[in-house]
Amino acid sequence: MTAHTATLFTIAVGSSDPIYRQLIEQTRRLAAAGVLAPGDVLPSVREVALALAVNPMTVSKAYNMLETEGVLSRARGIGMLVAERPAQARNRGEREDLLRPTLQRAAAEARQLELDPDTVLALFKKILKEEP
């Protein structure tokens, strides 16, 4: 299976996180959630760079770091594949760890906006129930 570039990655332009880091985090999340299954072929560096209008070296850096971590593997003539990962790698704790930085940023923004926890939690529950 080949992942579709246009829907696979998104870039938060105003984010303080570098683009390569955004790509790494999104790939980790997609793999941990099983959206990207072991053996899935990722779009080429060129395809991702064109789709997101970013420098190909940025995408290459993200892919190389993910390969070093063991999330991706390189297959000659095919490209980058989602690596085979043990079942325990997608356990609940790992998925929670992947979500934690996003929630920490959201919590910091809520504090800056002086929103009380009940209001924030109610909004989050509402968003969770919405269809993507």
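Accessible areas here come from the Shrake-Rupley method with a 1.4 Å probe. With that in hand, let's work through some exercises on this predicted model.

**Exercise 1. Surface and interior**

Work out what share of the accessible surface belongs to carbon and sulfur atoms, and what share of the residues is buried.

*Solution.* Start with the outside: the accessible surface of the protein comes to about 9,000 Å². Carbon and sulfur atoms hold 57% of that surface. Then turn to the inside: of the 132 residues, 27% are buried.

**Exercise 2. The order of elements**

List the helices and strands in the order in which they follow along the sequence.

*Solution.* Begin by counting: there are six helices and two strands. Next, read along the sequence, where the pattern is α-α-α-α-β-β-α-α. Finally, look at contacts between residues at least 6 apart in sequence: 56% of them join residues at least 24 apart.

**Exercise 3. Two positive phi angles**

Find where Ala53 and Glu114 sit, and decide whether each is buried or exposed.

*Solution.* Take Ala53 to begin with. Ala53 is not a glycine, yet its phi is positive, at about 55 degrees. Ala53 lies in the loop between helix H3 (45-52) and helix H4 (56-69). Exposed means over 50% relative accessible area; Ala53 has 71% relative accessibility, so Ala53 counts as exposed.

Now repeat the steps for Glu114. Glu114 also has a positive phi of about 55 degrees without being a glycine. The loop that holds Glu114 runs between helix H5 (92-112) and helix H6 (117-129). Because its relative accessible area is 73%, Glu114 is exposed.

Definitions and conventions
Residues numbered from 1 in each chain as written. Predicted model: local features only at pLDDT ≥ 70, side-chain atom pairs only at ≥ 80, totals over all residues. Heavy atoms only, no water. Helix = DSSP H or I, 4+ residues; strand = E, 2+ residues; numbered from the N terminus. Buried < 20%, exposed > 50% of the residue type's maximum accessible area, 1.4 Å probe, protein only. Contact = heavy atoms within 4.5 Å.
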